[in-house]
Amino acid sequence: MQAFIRKTGRAAPLEGKNIDTDQIVPARFLKTDRKQGYGHILFHDLRFDAQEQEIAGFVLNQPKFRNTQILLADTNFGCGSSREAAVYALYDYGIRTIIAPSFGDIFYNNCLKNGIVPVRLDEQLIASQRMKLLQAEHVIMTVDLEKLEVIFPDDSKSHFELDPFWRECLLKGVDDLELTLGYQKEIQEFEQRYLRERPWLQMQA
C-alpha cells in the first residue's frame with residue numbers, strides 16, 4: 001500500500017448513521033477478483049439503479065464530489081459484517097481517509113491494515129462540515145498524518161488521535177507484519193545480547 005503522509009483532495013459528505021459493510025459492498029460482489037479492482041462496486045446499490053445507470057442524487061455521482069479522496073461520514077460507519085472487501089472498495093475507488101464520529105471496530109482495524117486513515121472527530125463538528133460541503137463550491141481539504149491534523153475547506157483545523165503504532169505503519173506504507181520485519185536487525189541484536197547475558201538459557205536449550 002502507498003504511504004500516507006499528507007493528503008489534500010476532494011471531500012464528499014455521506015449522510016446516514018450506521019452505514020454497514022453490506023451497503024459499502026453488497027454481498028453478491030464478494031467473489032469479485034481483486035485484480036479487477038473493487039472501486040466500481042463501492043456503494044453499488046446506492047450509486048446505480050437496476051439498469052446499472054447512475055443514481056443522480058447519490059453524493060459520489062454529483063459532479064463536484066466525483067473522484068473524492070476524503071469521505072465525511074456519520075456515526076458508526078462500517079458497522080456490520082467483518083468483510084475486508086469494504087475497505088478494498090474504498091481504497092480502489094481512491095478514498096484514503098474517512099472522517100466520522102465513530103466506526104465499526106473491525107472495519108476501523110481493516111482500514112488501518114489497508115492504507116486508509118480513519119479519523120474520529122466530534123459528531124457535531126462533522127455534521128456541520130458535511131453541511132458546508134453540500135453548500136460550498138470549494139470542497140478541497142487536507143488530512144495531515146504527521147501533524148495529526150485535519151484542515152477543512154473553510155480553513156478551520158481539528159486535531160485527531162491515532163495509535164502511534166498504526167500511525168507509523170501508515171506513514172511508511174506498510175502493514176503490521178512488514179513494520180515488524182523492518183526491525184529484524186534490531187530484533188536479532190536483542191536476541192544475541194539477551195543470550196550473551198544469560199548463557200544458562202543456551203545450555204538448557
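Before I turn to the residues, one convention: a helix here is a DSSP run of H or I with at least four residues, and the helices are numbered from the N terminus. With that in hand, and bearing in mind that this is a predicted model, I can start with helix 4, just after which Gly115 takes a positive phi of about 90°.

Helix 4 itself covers residues 105-113, and its buried residues are Phe107, Tyr108, Asn110, Cys111 and Leu112. These buried residues pack against helix 1, helix 3, strand 3 (97-100), strand 4 (117-120) and helix 6 (164-172).

Two of the names I have just read out, Phe107 and Tyr108, come back when we look at the aromatic rings, since together with Phe77 and Phe103 they form one aromatic cluster.

How many aromatic pairs are there in the model? The count comes to six. Take the pair of Tyr38 and Tyr88, which is edge-to-face because the ring planes stand at 70°, over the 60 degrees required, while the ring centres are 5.9 Å apart. Tyr38 is in the loop between helix 1 (21-24) and helix 2 (44-47), and Tyr88 is in helix 3 (residues 85-93), so that the pair links distant parts of the chain, 50 residues apart. Tyr38 counts as buried at 5% relative accessibility, whereas Tyr88, at 22%, counts as partly exposed, because the limit for buried is under 20%. Over the face of Tyr88 lies Arg34, at 4.1 Å from the ring centre.

Within the cluster, Phe103 and Tyr108 form a pair that is tilted, with 5.6 Å from centre to centre and 55° between the planes. Phe103 is buried at 5% relative accessibility, and Tyr108 is buried too, with a relative accessible area of 9%. Tyr108 also has an arginine over its face, namely Arg120, at 3.9 Å from the ring centre.

Let me finish with a residue outside the aromatic set, Thr68, which lies in the loop between helix 2 and strand 2 (70-72). Is Thr68 buried or exposed? At 0% relative accessibility, Thr68 counts as buried. If we leave aside its neighbours within four places in sequence, Thr68 is in contact with Arg10, Ala11, Ala12, Leu60, Tyr93, Gly94 and Ile95. For Ala12 there is a further detail, in that its backbone nitrogen lies 3.2 Å from a polar atom of the Thr68 side chain. Finally, Thr68 and Val139 are 71 residues apart in sequence, while their C-alpha atoms are 9.4 Å apart in space.

Terms used
Residues are numbered from 1 along each chain as its sequence is written. This is a predicted model: local features need pLDDT of at least 70, side-chain atom pairs count only at pLDDT 80 or more; totals for chains, interfaces and linings use all residues. Side-chain values use heavy atoms; hydrogens and water are left out. Rings of Phe, Tyr and Trp (its six-membered ring) pair if their centres lie within 6.5 Å; planes under 30 degrees apart count as stacked, over 60 as edge-to-face and the rest as tilted. Buried means under 20% relative accessible area, exposed over 50%, partly exposed in between (1.4 Å probe, protein chains only). A charge sits over a ring if NZ of Lys or CZ of Arg is within 6 Å of the ring centre and within 35 degrees of the ring normal. Contact means heavy atoms within 4.5 Å. A polar contact is a pair of N or O atoms within 3.5 Å; within protein, one must be able to donate a hydrogen and the other to accept it, and residues adjacent in sequence count only if both atoms are side-chain atoms.
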